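Here are a few notes to help you find your way around. Have a look at the model, then read on.

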Amino acid sequence: NTTSEMKINNSTYSAEYGRSSGSIVNVRTRSGTNKFHGEVFDYLRNNSFDTRNFFNLKGTAQYALKRNNFGASAGGPIWRDRTFFFGSYEGLRQHQGLPLAATVLLPADRANVTDPVSKALLAYIPVGVPNNATSNIVSGTVNGPVQTDQGTMDVLQNFGPGDILHGFYAIQKDIRTEPNLQGNSVVGFGDHRQASRQILTLNETHIFSARLVNEARLGFNRIAIQFVPNNAIDPATLGFNNYPAGVAAGGGLPQTTISGYSLNIGGPTGFPQGRYDTMGVASDTVSYTLGKNQIKFGGEFRRFLNANFGNDPGTLSFVATPTLVIGGVTQPARTALQNFQLGQAVGFSITPNSVTDRDYSNSFAAFAVDNIRLTPSFTLEAGFRFEWNGPTNVGGGKA
């Protein structure tokens with residue numbers, strides 16, 4: 001409800017636009033008028049209105065879904081004929097049942113676990129159907145909540161017939177939970193993420209004459225997002241003692257799999273991590289009309305800052321092994337389950353250090369375009385664009 005016009009250029013576009021070989025999207029936001037206007041909306045979707053999911057077979061409980069999208073907007077004059085505002089708010093609340101299914105250890109298999117670390121991991125592996133020694137399938141659903149709040153504010157100031165200042169600001173905050181990220185197949189893992197996105201633009205349009213118009217613009221946008229494991233237990237408390245110092249803290253269990261079982265616990269790999277992107281833009285465009293020529297030229301300067309951090313709990317895998325002779329001693333062939341019971345992991349990988357980086361880069365672009373109306377139905381466009389993208393400057397420090 002904040003968009004008044006949208007234009008997509010998906011073919012060969014003017015030299016005024018650059019930086020991308022794909023489409024260019026221009027969005028015009030709504031501004032207030034001399035009359036007050038507003039609206040309120042609410043969109044509700046849940047199981048009462050939904051048909052059954054194709055993969056949600058009859059005879060099983062329907063996956064839960066409650067989605068509520070709501071908001072309001074209002075606009076009008078602050079100073080009649082001079083200053084106008086338009087603001088909006090939109091919220092999303094969603095609770096959705098996500099299916100999980102895992103092949104787990106039978107009670108007899110659990111009883112034969114002798115390794116202390118593997119015994120500790122059993123606390124995170126569900127038991128099959130109670131009192132049924134032949135069933136090792138555990139399935140169900142887990143909630144994946146989403147909460148989003150977004151607000152915008154548009155202010156337009158008319159200083160006179162030839163001078164207009166326009167400002168727009170938008171902020172979005174959301175919190176999401178992904179309980180089955182990277183294939184996690186039991187409850188208690190995956191991640192939750194908190195994000196904030198902001199954009200600010202200031203645009204000043206000055207009409208010098210009927211032929212000459214100048215438009216100056218400042219822009220800013222920022223993305224900040226963190227990914228945090230749902231289970232951030234310190235592996236050392238379970239007997240994992242071979243982690244590099246500082247890596248495991250807050251990272252949770254290694255992402256663990258047993259070959260032959262659709263079982264995936266721990267992780268997610270590469271988490272916790274975070275990303276922070278900040279962009280600043282300054283640009284100016286001059287439009288001049290001369291006879292049949294509509295000339296436009298200008299340029300822009302951008303500065304981009306990126307900061308990241310990341311840890312890694314690692315990955316741990318148990319697979320079947322053939323008969324091996326190690327140091328003159330014959331090791332019998334073992335199944336993946338037997339290796340888990342004995343605590344003989346076959347594969348382990350980890351990023352041995354916490355990773356942080358801070359990078360920035362600058363870029364500059366200039367263009368000139370001439371649209372020549374040769375006839376009322378035929379226009380020739382000639383343009384030139386120059387772009388300079390500076391090298392990425394890598395710096396240390398915390399994200």
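1. Let's begin with Phe318. The relative accessible area of this residue is 3%, and buried means under 20%, so Phe318 counts as buried. Bear in mind that the model is a predicted one.

2. Phe340 gets the same kind of check. With a relative accessible area of 1%, Phe340 is buried too.

3. What do five aromatic pairs have to do with this? That is how many a search of the whole structure turns up. One of them is tilted: Phe227 and Phe271 lie 5.4 Å apart, centre to centre, with 45 degrees between the planes. This pair joins distant parts of the chain, 44 residues apart: Phe227 belongs to strand β10 (residues 212–229), while Phe271 is in the loop between β12 (264–265) and β13 (273–290). Both Phe227 and Phe271 are buried.

4. Back to Phe318 and Phe340, which make an edge-to-face pair, at 5.2 Å centre to centre and 85 degrees between the planes. Here too distant parts of the chain are linked: Phe318 is in strand β15 (residues 315–318) and Phe340 in helix α3 (residues 336–342), 22 residues apart.

5. Another ring worth a look is that of Trp79: Arg82 lies over its face, 5.8 Å from the ring centre.

6. Finally, find Val155 in strand β7 (residues 146–160). Val155 is partly exposed, at a relative accessible area of 32%. Setting aside neighbours within four places in sequence, Val155 contacts Thr83, Phe84, Leu165, His166 and Gly167. As for Gly76, 79 residues away along the chain, its C-alpha atom is 9.9 Å from that of Val155.

Key:
Residues are numbered from 1 along each chain as its sequence is written. This is a predicted model: local features need pLDDT of at least 70, side-chain atom pairs count only at pLDDT 80 or more; totals for chains, interfaces and linings use all residues. Side-chain values use heavy atoms; hydrogens and water are left out. Rings of Phe, Tyr and Trp (its six-membered ring) pair if their centres lie within 6.5 Å; planes under 30 degrees apart count as stacked, over 60 as edge-to-face and the rest as tilted. Helices (H or I, at least four residues) and strands (E, at least two) are DSSP runs, numbered from the N terminus. Buried means under 20% relative accessible area, exposed over 50%, partly exposed in between (1.4 Å probe, protein chains only). A charge sits over a ring if NZ of Lys or CZ of Arg is within 6 Å of the ring centre and within 35 degrees of the ring normal. Contact means heavy atoms within 4.5 Å.
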